[in-house]
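Hello,

Here is the structure I promised to pass on to you. Please open it beside this email, and then read on for what turned up in it.

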Amino acid sequence: MTNDTWSRFLAWAVVLVLGYPIITLVLSEMTRRLEGSSFTRSLKVIQYAVLPAVALWILLHQLSSFPAGGVAFKIIDTLVGILVLYAILLVGQTAILATKGVIEAQAPRLFFELLAIAIVIVGGAFIISIVWDIELGSLFGALGVGSVVLGLALQSVIGGLASGVIVLSGRHFAIGDWLRLDQGFAKVVQVDWRAVTLESGGGRIVVPSSQIAGSTLRIVRNGQPFNVSTSIEVPSAYPPERVINALTAAARGVPESIGPESASCRIAEWTAASLRYVVGLSVDSPAKIDRACSVLLDRIWYVLPRHGISLMRAGDGRLIGVVDVAPDWATTAEERVRLLVDSGALRAPVTGLEELAELSRIERYGAGEFLLKQGAPANAFFVLLDGSLSMLADMPTGPHAIDRLSPGQIFAVRQIFRGSSSPVSLVADEASTVIAVPSSAMQRMLDRNQKLAADIDAAIDTRADTIRAMTSRDTDIEVGTETVRLKNRA
């Protein structure tokens, strides 16, 4: 062995012994630091495929005494050439996609991968032609015949892959979007060449791409508002304006909606005996559709009677029957007097109780409905007959419950007497029934019952001090409110 040969042998040995571990260590550290990024895949291909193949090539060509041109040499040369070509294309693809800022877009990534595979196949053919000394015409002819045989054997698989390419190429939907299926909407959680994975009802559904490609899809983008509506049929005796206001108020009270402004109502059909209204709202996710529809119908059941509408048909998009709802204000004044006395909120005998009962009305509220909102005009007292109500005050950290009413208590806001807006909100914790007493009627009754007026006034002052102390830690809100329970007072 000459000195030049020995020097070259020693140099390649140093490169292999020292360079391989150092490069492996550098690639491992880069992979760890870039974990989860778009370059992780390229670094792993170089570390686990290209680098070992190159090391094997150096070992055979530069450090072994095997005769050149053997089968082992040709196999290694072909493998190294194809792997290096693939790694270069993969790094280029990643850099281009990252530059465009669409590295997470499924369709562009797919097409770049298909292009890379095509280039690798063509480049691999040239590499095989050079290494194995085969004419390209013969090689491509053999590949063509093999492709036909392979295509016939894998017809269904290739058809599925082609469908996947068609589905992804249109970029009609992405991960996080919602697709309409026979059983409802399902969320897209994974997309690949063979199938689309959907999530619905807590479970996952895998739909072949061929089925997706041959179906008519209804797509809702992630975060896109989705309209929810139902139809209500009301006798034509009720003024349309009053019905529309009532139904719109019901839709505005649905907490699943994206906001009160999304509520809408319109007349869809007019017959001789009735009008059919379509009331709707918008939600931010199809997953909330069923819940929103249920709450909307529940709100309608409570709201319509409070607006004097007693007959309706209700259905989820279709008319399914007639529901008779007796108007609560049809209850006689004598019955309301009895309810007031039985509740224990007002002790009997009270002068003017009959007049107060005559002007008051019974109202029902569903869980989560507001009887009064902070800042809204306070013009009525509420006597709770059954259920539970909470008083809320808006704090910097959000609404805060400051008191809870149980049956037999009166909700009284001092601002009612002043004709100003309420400093607190009143919301139903559960299905609740109240007697709403107009402020003017309550004022006249208190004028005739000085003892009762003094009791209520003193209770309001005491409770107002307590609430002011509770809220002063977070806000300077001026609260003058009281829940009064006057049972068996002397």
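Please keep in mind that this is a predicted model.

A good place to begin is the sheet. Leucine 179 has a bridge partner in strand 2, and that partner is alanine 186. The two residues belong to a pairing between strand 1 (residues 178-181) and strand 2, which run antiparallel to each other and share four bridges. Strand 2 (residues 184-191) also pairs with strand 3 (residues 195-200), again in the antiparallel sense and over four bridges. Two places are handy for finding your way along that second pairing: lysine 187 has glutamate 199 in strand 3 as its bridge partner, and valine 188 stands opposite leucine 198, also in strand 3.

How does the whole sheet fit together, and in what order do its strands lie? Five strands make an open sheet with antiparallel pairing, and the order is 4-3-2-1-5. Strand 4 (203-208) and strand 5 (219-220) are the edge strands, each pairing on one side only. As general background, strands of a sheet pair through backbone hydrogen bonds, either parallel or antiparallel.

Next, have a look at the surface around the start of the chain. A nonpolar patch of about 960 Å² is found there, and its members include Trp6, Phe9, Leu10, Val14 and Phe39. Phenylalanine 39 sits in the loop between helix 1 (3-33) and helix 2 (40-62). With a relative accessibility of 32%, phenylalanine 39 counts as partly exposed. Charged residues also come together in this part of the chain, where a network of salt bridges links Glu29, Arg32 and Arg33.

Now to the salt bridges in general. How many are there? The count comes to 14. The background is simple: side chains of opposite charge can pair when their charged atoms come close. Three of the pairs are described here.

The pair I would show you to begin with is glutamate 355 and arginine 444, whose side chains meet in a salt bridge at 2.9 Å, N to O. This pair links distant parts of the chain, since glutamate 355 lies in helix 11 (residues 353-359) and arginine 444 in helix 13, 89 residues apart. Glutamate 355 is partly exposed at 30% relative accessibility, and arginine 444 is partly exposed as well, with a relative accessible area of 33%.

Helix 13 (residues 439-448) has a buried side too. Ala441, Met442, Met445 and Leu446 are buried there. Looking down the axis of helix 13, the buried residues fall within an arc of 130°, so they line one face of the helix.

Another salt bridge joins arginine 361 and glutamate 363, with 2.5 Å from N to O. Are its two residues buried or partly exposed? Arginine 361 is partly exposed, at a relative accessible area of 35%, whereas glutamate 363 is buried, at 4% relative accessibility. The cut-off behind that word is that buried means under 20% relative accessible area.

The last pair is lysine 288 and aspartate 284, which form a salt bridge with their closest N and O atoms 3.0 Å apart. Lysine 288 is partly exposed at 33% relative accessibility, and aspartate 284 is partly exposed with a relative accessible area of 37%.

Enjoy looking around, and best wishes!

Methods. Residues numbered from 1 in each chain as written. Predicted model: local features only at pLDDT ≥ 70, side-chain atom pairs only at ≥ 80, totals over all residues. Heavy atoms only, no water. Pairing = 2+ DSSP bridges. Patch = residues over 30% accessible without salt bridge, like charges linked within 9 Å, V, L, I, M, F, W, Y side chains within 5 Å. Areas by Shrake-Rupley, 256 points an atom, 1.4 Å probe, with all protein chains shown as cover. Salt bridge = Lys/Arg side-chain N within 4 Å of Asp/Glu carboxyl O. Buried < 20%, exposed > 50% of the residue type's maximum accessible area, 1.4 Å probe, protein only. Arc of directions from axis to C-beta.
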